[in-house]
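Could you walk me through the chain contacts in this structure, step by step? I have it open in a viewer and would like to know what to select next and what I will find there.

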Number of protein chains: 4
Amino acid sequence: MTVPALTLSGLNALTASAFVAGLRDVFEHAPWVAEAAAAGRPYPTVTALHEAMMAAVRNAAPDRQAAFIGGHPELGSRVRRAELTDHSQAEQGGLGLDRLSAGEFERFTGLNAAYREKFGIPFIICVRRHTRNSILRQFERRLFHDVATECAAALHEIGLITRLRLVALVDGPGQPVTTGRLSTHVLDTVAGRPAAGVRIALHEIGESARGLLKETITNADGRTDAPLIAGEPLRIGTYELTFHVGEYFGSQSAGTGFLDIVPIRFSIAEPEGHYHVPLLATPWSYTTYRGS
Amino acid sequence: MTVPALTLSGLNALTASAFVAGLRDVFEHAPWVAEAAAAGRPYPTVTALHEAMMAAVRNAAPDRQAAFIGGHPELGSRVRRAELTDHSQAEQGGLGLDRLSAGEFERFTGLNAAYREKFGIPFIICVRRHTRNSILRQFERRLFHDVATECAAALHEIGLITRLRLVALVDGPGQPVTTGRLSTHVLDTVAGRPAAGVRIALHEIGESARGLLKETITNADGRTDAPLIAGEPLRIGTYELTFHVGEYFGSQSAGTGFLDIVPIRFSIAEPEGHYHVPLLATPWSYTTYRGS
Amino acid sequence: MTVPALTLSGLNALTASAFVAGLRDVFEHAPWVAEAAAAGRPYPTVTALHEAMMAAVRNAAPDRQAAFIGGHPELGSRVRRAELTDHSQAEQGGLGLDRLSAGEFERFTGLNAAYREKFGIPFIICVRRHTRNSILRQFERRLFHDVATECAAALHEIGLITRLRLVALVDGPGQPVTTGRLSTHVLDTVAGRPAAGVRIALHEIGESARGLLKETITNADGRTDAPLIAGEPLRIGTYELTFHVGEYFGSQSAGTGFLDIVPIRFSIAEPEGHYHVPLLATPWSYTTYRGS
Amino acid sequence: MTVPALTLSGLNALTASAFVAGLRDVFEHAPWVAEAAAAGRPYPTVTALHEAMMAAVRNAAPDRQAAFIGGHPELGSRVRRAELTDHSQAEQGGLGLDRLSAGEFERFTGLNAAYREKFGIPFIICVRRHTRNSILRQFERRLFHDVATECAAALHEIGLITRLRLVALVDGPGQPVTTGRLSTHVLDTVAGRPAAGVRIALHEIGESARGLLKETITNADGRTDAPLIAGEPLRIGTYELTFHVGEYFGSQSAGTGFLDIVPIRFSIAEPEGHYHVPLLATPWSYTTYRGS
């Protein structure tokens, strides 16, 4: 994670033009958003600043708002590059499936065309909160919206995108919650203690492929030294944790074991939520649940 | 299943030559096995008859025994055709991966050559008790045997192969146990009752592929109308049951669910065993275990 | 269980007066019930015969019906003796708390007086479907009824009482379901097999006391040779099963164990239901659920 | 908890006689223990100080050591008053059964006599690490010791007793661990979230009675605001947690529920351990385990 370049108190004290310049990357090509927000200073929280900027967008004259929305890049290019791709190379979490298959590329292209045909704007979604699968599902769902509902949906996503940018840029009190957390815990219920040294892998599950996101191993407390994902939004989608319990129990070496690699497949629906997915295991049984 | 063509009491009453003719397909190209067994009649059980035939093999003169073992076909051809392939087309159970990949073919070829080089006989294994993966593992393991140990292993497998043939051919008391059983049961622990209408699939898990063995659905008692596998040996190997619990609970329709398709991966080590693999589930948690 | 003295086909063929005499103990002091039912013969099922008799009660002239209901004995005497007490001495199941405490006696006496004061009839309940606790709760609940609702409740209970008597007296097709079943199953999830030799006790839990109903031990299949309760209605109430798992695992002998006697407390609400209450245990964890 | 009156650095700097005076209540009636330890100053940790004092006891001349051990009060009086009774009135945790039954009194009296007869010293045990039941079991077990083994056991207990006294008296680095922790956590696996507002009670389970130690309720995170027991040794013994899950799920109000009050009975064997005992529950099923 990079350190934010600005502070809220600094922004509150700048001249209006320096304030606008400092925030120019939050709402791209729309300096009027920061200009409108400059007048509302000082802001007590980063959240309040973001809400003021979004209010400026929502209250903008219709043609200005339309031009702003229409000025966003096509999703296709963003999915191929930018936030999605960059992110997938980050050290932890990220999108495992970093290249579009030919079929997916075709679906995106078709959806983009149908969407622009119906709504006259590019499809906007906060990519960093989604896996490729959930983007496709959102895309297909939002095509059924009427224009007003979809306009609200696009503004909602712009709020989510700019909130992430603002948090990355500005330090200060009252930060909006933009990150989630995925963690696990393995209990050995034969011995009644944490299972140490269990190898774990986390995959993202796509429609026809799976992408490895992380490999790790449990420590003496049966947990991983760092959460499986943290410090960023959890991407809406389907995941699979695999636990090498056969290896841990030594029950596969004799070739007579029952459980070897235990897969737990689950969906994440709340990017800013906390998902704790423990495993209570013996060589012959296990229990899992969404914990807290 | 086909009906056995002979009965034990019938065999006990036949002339010696008719007895030998009736059993000619059990020990191929070795009528002397049945000839030796004919003298021991009457047999009270099918198991006793089989043991008498195996005793004849074990007590045969060394050159006759060696010729008998050496006359078995190469595994490669049998894996590609015969018991393995035929079986995989049977209605239930069976080997999901019915074509060898190029890599597997190469491994089998290499193993066959190394095995013949070391032991001078073809590799013999009761294919119907194994998945392709477990055959490869057995092959690799048995290459480390010394000659005497491996000779005993080959005879043991011949016993398993001929036992299956005898049971298919002869009806009568005291049948040896040659079949296993895989079953499941789904409990809805939100409602405290069996989960009816849950779709279930059973896959065989190979090293790099998975083969669908069966699709079914739970009945009003949360069980499947027929066992997942029964009436044949369970093939040693790794399997995955997938339960469509999201669909059952309706929890995925809203896009906010946690569990959708629950996979349970397990190994079968005892072809003649009973494996009961239940699922106790809510939309947020589940427990599984080897039951009885 | 005693063998029914009559058969339905026999009853269908008797003279009307012999039919009435044969059934005289089902609706005590009300031969007119059987007289009315005699005309409807032949009955195809025992259930149809019982329904015809209950129809006769429901359609009786008001004064005759009132006299019939009013002729039932006070509950107090029945709880102290008769069905309740007799039953508690039966070999399996039964009511564990076979003597009223002073406080309970006082409550029953007060409730009887209040009930007769309000409704002018004795409180009628099918005692064999209840524990003492649930009788008290029913008593207290039904005191709030209006007269019509309570009259229907009393007739409903008479139906339950006479159904049990009829089933005990008459053999034949279409018997109404009057019995429930309580069973258990213990799995040792350390070893992945049924837990054999686990001592189990079943208690009925009263407000201030507990009564032992049964002690048993699991067999090789982890089950009890006979169900914990079967062949009679389950009594509505609260129960506790205790499983001596520390003894089974040998984990208490060292004085360092975690689980010793595992209690599972549950309520039975459906006297004719099937309650299966399994235990999946290690020395450090367990799972239980209402199974099937 | 009271604040320690002394600091280790203060003790290290005192004159020898002030040092001895300050520690006079740790080893009662044996100022020679502190005198011996005074010479070893400065001590880097409280643990090192305690070990030095215990070394002085172990290395004392036999008659001095015997007089020291023999000077301890009879257990009976201490069980009736002192640490045991005082403790049971403490705010949290503690010994639930604060009065000896006639039978227990008789057993203690008999054991005291037999012990003194065999060993010639009073029975010494660190009462604050035990429930009454475990004291009786220890007593009965130690009666079988030979003299040397029992002398070592008595010194070990004196170490435990004085360690607790020293920790209460002296603040400083390197405190020995003298406290344990009992906690719980309730998950509602119907809703996939922590169960808030669940009433919980903790009882100590004696041979023929149970003593209430604590009543509490889960917070929004499904945990209790404070651990069930903390800041003191856990007393070796048997406990029962009861969770009012029927009330939580509202499943008992209709009178058709299955689970109402869920009891979890477990033993504590390590007074300085951490026992986490969670409950994963639906109205029809639950799982518990020793967690971490």
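Start by selecting Arg265(C) and Glu240(D): these two form a salt bridge, with their closest N and O atoms 4.0 Å apart. This is a predicted model, so keep the confidence colouring to hand as you go. The salt bridge count between chain C and chain D is 1, while 7 residue pairs are in polar contact, both members at pLDDT 80 or more.

Next, colour the strands on the chain C side. E9 (261-268), E10 (274-282) and E11 (285-289) each supply at least two residues of the side that touches chain D. E9(C) gives the largest share, with 6 residues. If you colour that side of chain C by residue class, you will find 12 nonpolar, 8 polar and 3 charged residues.

Now widen the selection to the whole contact, which takes 23 residues from chain C and 23 residues from chain D. About 2,000 Å² is buried between these chains, and carbon and sulfur atoms give 56% of that area. To see where chain C loses the most area to chain D, show Phe258(C), Arg265(C) and Tyr286(C) as sticks; together they make up 34% of what that side buries.

Switch to the cartoon view and pick E11 in both chains. E11(C) and E11(D), residues 285-289, run antiparallel and are joined by 5 bridges. For one of the pairings, label Ser285(C) and its bridge partner in E11(D), Tyr289(D).

How are the two copies related? Rotating by 180 degrees, with 0.0 Å of shift along the axis, superposes chain C on chain D with an RMSD of 0.0 Å. That is the relation of a two-fold axis. To find the axis in your viewer, go to Thr287(C): its C-alpha, at 2.1 Å, comes closest to the axis among the residues of chain C. Both copies use the same surface, as 100% of the contact residues of chain C recur in chain D.

Last stop: hide chain D and bring up chain B beside chain C. Here 13 residues of chain B are in contact with 13 residues of chain C. The two chains bury about 870 Å² between them, 59% of it on carbon and sulfur atoms. The salt bridge count here is 0, but 5 residue pairs are in polar contact, both at pLDDT 80 or more. On the chain B side, select E3 (181-188) and E11 (285-289), each of which supplies at least two of the residues touching chain C. By class, this side of chain B has 4 nonpolar, 6 polar and 3 charged residues.

Methods
Residues numbered from 1 in each chain as written. Chains lettered and ligands numbered in written order. Predicted model: local features only at pLDDT ≥ 70, side-chain atom pairs only at ≥ 80, totals over all residues. Heavy atoms only, no water. Contact = heavy atoms within 4.5 Å. Buried area = accessible area lost by both parts, 1.4 Å probe. Salt bridge = Lys/Arg side-chain N within 4 Å of Asp/Glu carboxyl O. Polar contact = N/O pair within 3.5 Å; in protein donor to acceptor, adjacent residues only side chain to side chain. Helix = DSSP H or I, 4+ residues; strand = E, 2+ residues; numbered from the N terminus. Nonpolar A, V, L, I, M, F, W, Y, C, P; charged D, E, K, R; others polar. Pairing = 2+ DSSP bridges. Least-squares fit on C-alpha atoms with pLDDT ≥ 70 in both.
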